[in-house]
Structure formats: structure tokens, C-alpha cells
Amino acid sequence: MKTFNCYLIGVGGQGIGLLAETILRAVDHAGIPVKSVDTHGLAQRGGTVISQIRMGDQVFSPIIPPFGSDLILSLELHEAYRALMSVSKPASTLICYDAFWQPLSVRKGVDKAISAKDLLEAGGKKEVKVIMVKEETLHDSRMQNIALLKVVCKENLIPGVTQEHYLKAMEDLMKGKTLEANRGLFLA
């Protein structure tokens with residue numbers, strides 16, 4: 001398989017770690033060589049959380065080169081914009097859950113807030129397909145990560161990974177009511 005790079009970004013507490021581990025295991029269940037690395041930083045204080053996943057026969061490091069991401073998954077608008085500007089390559093895809101956590105620089109008036117419209121316009125300028133996700137009936141915000149995963153699967157964005165691979169990965173990581181709720185959202 002040709003190298004495929006997936007970059008995940010969000011804010012501490014949003015579930016980037018679970019989303020990354022689910023994708024990592026799904027890729028592994030598909031029999032594709034895969035490497036990953038997480039950067040948690042100040043995750044417990046609402047800081048940026050980044051996971052990088054690289055897959056393919058010629059992957060020797062989990063670190064994605066600058067402007068080398070084929071797929072970006074973000075759970076927050078500002079973090080999506082940051083990733084778009086630093087790691088996306090032309091003809092890549094960015095999927096963002098339409099959530100807004102105001103960074104300190106915005107609260108202090110140093111930077112302006114990023115809107116979904118801003119992200120879509122910036123994506124167009126960089127030739128990146130931007131998909132905004134918002135589950136209006138989502139009753140538990142901790143499941144926003146699975147809402148993104150559902151789009152990844154539906155759009156077949158990770159080559160060689162099928163719905164069954166994602167479901168098997170979810171079964172590896174979740175149990176009981178948590179698994180039932182997340183499976184329900186994923187399959188809806």
C-alpha cells in the first residue's frame with residue numbers, strides 16, 4: 001500500500017486519543033502496516049492533543065512530514081485551522097466537528113475567532129476538501145469523535161479499511177453501554 005498519513009487534532013478531553021487508537025486498530029485489523037505517535041501536552045488543562053498515524057509498506061517513522069497529511073481529523077475549529085495551515089497537502093481532506101473552544105489568544109483579543117466559514121474558505125484556497133460535521137441529536141459530547149469516524153468510514157477515506165475493521169476496533173476498546181451507544185452512532 002502507498003503511504004497514507006492521518007493527522008488528528010483537538011483539545012484535551014475531546015477524545016482524540018480514543019479516536020486515534022480506534023483508527024490505529026482498524027488499520028491493523030485490515031492487515032496494513034501502521035505506526036502512530038501521540039502528543040498530549042497540556043491535555044488535562046484543555047491544551048492541544050495531536051495524534052499522527054502513518055500507514056503503508058514504506059512507513060518507518062510515525063511522524064508526518066510538514067504538509068504531508070492526506071487526512072486531518074479535528075474536534076475543534078481553531079485546531080482544525082492550525083492543522084490545515086501546517087500539515088495539509090493539496091487534494092487532502094479535513095474533517096472537523098463543528099465545536100468551538102475559545103483559545104486564550106482569542107479571549108485576550110490577540111487573535112480573531114475562527115468560524116466554520118473561515119475554515120471552509122481556507123480549505124478552498126489550499127485545495128483541501130473540508131467536511132464539517134455536526135450531529136444535532138448527539139446527547140453526549142464525548143461521542144463527537146465517533147461522529148467523525150462515521151464520516152471517515154462512510155466516505156471510505158482510509159484506503160483498505162472497511163466498516164467491519166472499525167467495528168472490530170471499537171469492540172477492542174469499548175464494552176457494555178459505551179460500546180452500544182458508540183456503535184449505534186457509528187452505524188446510524
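The protein exposes about 9400 Å² of surface, and carbon and sulfur atoms supply 52% of that area. This value, like the others in this account, was computed from a predicted model. Beneath that surface, buried residues make up 50% of the 188 residues in the protein. As for the charges, the mean position of the 22 positive ones and the mean position of the 20 negative ones are 3 Å apart.

The overall dimensions can be set beside a simple expectation. For 188 residues, a compact globule would have a radius of gyration near 16 Å, and the protein, with 16 Å, agrees with this. Along its principal axes, the C-alpha trace spans about 45 × 40 × 30 Å. When contacts with a sequence separation of 6 or more are considered, 65% of them are accounted for by residues 24 or more positions apart.

The secondary structure consists of seven helices and six strands, and from the N terminus on, these elements follow one another in the order β-α-β-β-β-α-β-α-α-β-α-α-α.

A useful place to enter the fold is strand S4, which spans residues 69-74. Six of the six residues of S4 are buried, so this strand is largely enclosed by the rest of the structure. Two partners of S4 can be named. Strand S1, residues 4-11, runs parallel to S4 and is joined to it by four bridges, with tyrosine 7 standing opposite isoleucine 72 of S4. Strand S5, residues 88-97, also pairs with S4 in the parallel sense, here over five bridges, and in this pairing serine 74 stands opposite cysteine 96.

Cysteine 96, which is found in strand S5, leads from the strands towards the helices. At 0% relative accessibility, the residue counts as buried, the cut-off being under 20%. Leaving out residues up to four places away in sequence, cysteine 96 touches Ser74, Glu76, Leu77, Ala80, Leu119, Ile131, Met132, Val133 and Leu148. Among these, Leu148 is one of the buried residues of helix H5. By contrast, valine 59 stands 37 residues from cysteine 96 in sequence, and their C-alpha atoms are 26 Å apart in space.

Helix H5, residues 144-154, is mostly covered, since ten of its eleven residues are buried. These are Gln144, Asn145, Ile146, Ala147, Leu148, Leu149, Lys150, Val151, Val152 and Cys153, a list that includes residues three or four places apart as well as direct neighbours in sequence. An α-helix has 3.6 residues a turn, so residues three or four places apart point the same way. The buried residues of H5 pack against both strands and helices, namely S4, S5 and S6 together with H1, H6 and H7.

Just ahead of this helix, glutamate 135 has its place in the loop between S6 and H5. The C-alpha atoms of glutamate 135 and alanine 147 are separated by 7.1 Å, although the two residues lie twelve residues apart along the chain. Leaving aside neighbours within four places in sequence, glutamate 135 is in contact with Tyr97, Ala147, Lys150 and Leu185.

Helix H6, residues 163-173, has His165, Tyr166, Leu167, Ala169 and Met170 as its buried residues. What covers these residues includes helix H1 (16-29), helix H5 (144-154) and helix H7 (176-187).

The backbone of the loops deserves a separate look. Most residues other than glycine have a negative phi. Phenylalanine 67, although not a glycine, has a positive phi of about 55°, and this residue lies in the loop between strand S3 (48-55) and strand S4 (69-74). With a relative accessible area of 45%, phenylalanine 67 is partly exposed. Glutamate 127, in the loop between helix H4 (116-125) and strand S6 (129-133), likewise has a positive phi, near 60°. This glutamate is exposed, with a relative accessible area of 58%. A further positive phi, near 55°, belongs to asparagine 156, which follows helix H5.

Key
Residues are numbered from 1 along each chain as its sequence is written. This is a predicted model: local features need pLDDT of at least 70, side-chain atom pairs count only at pLDDT 80 or more; totals for chains, interfaces and linings use all residues. Side-chain values use heavy atoms; hydrogens and water are left out. Helices (H or I, at least four residues) and strands (E, at least two) are DSSP runs, numbered from the N terminus. The radius of gyration is taken over C-alpha atoms; the globule rule is 2.2 Å times the number of residues to the power 0.38. Buried means under 20% relative accessible area, exposed over 50%, partly exposed in between (1.4 Å probe, protein chains only). Contact means heavy atoms within 4.5 Å. Accessible areas come from the Shrake-Rupley method with a 1.4 Å probe; for residues, only the protein chains shown count as cover. Lys and Arg count as positive and Asp and Glu as negative; His and the chain ends are not counted. The place of a charge is taken as NZ of Lys, CZ of Arg, CG of Asp or CD of Glu. Two strands pair if DSSP finds at least two bridges between them.
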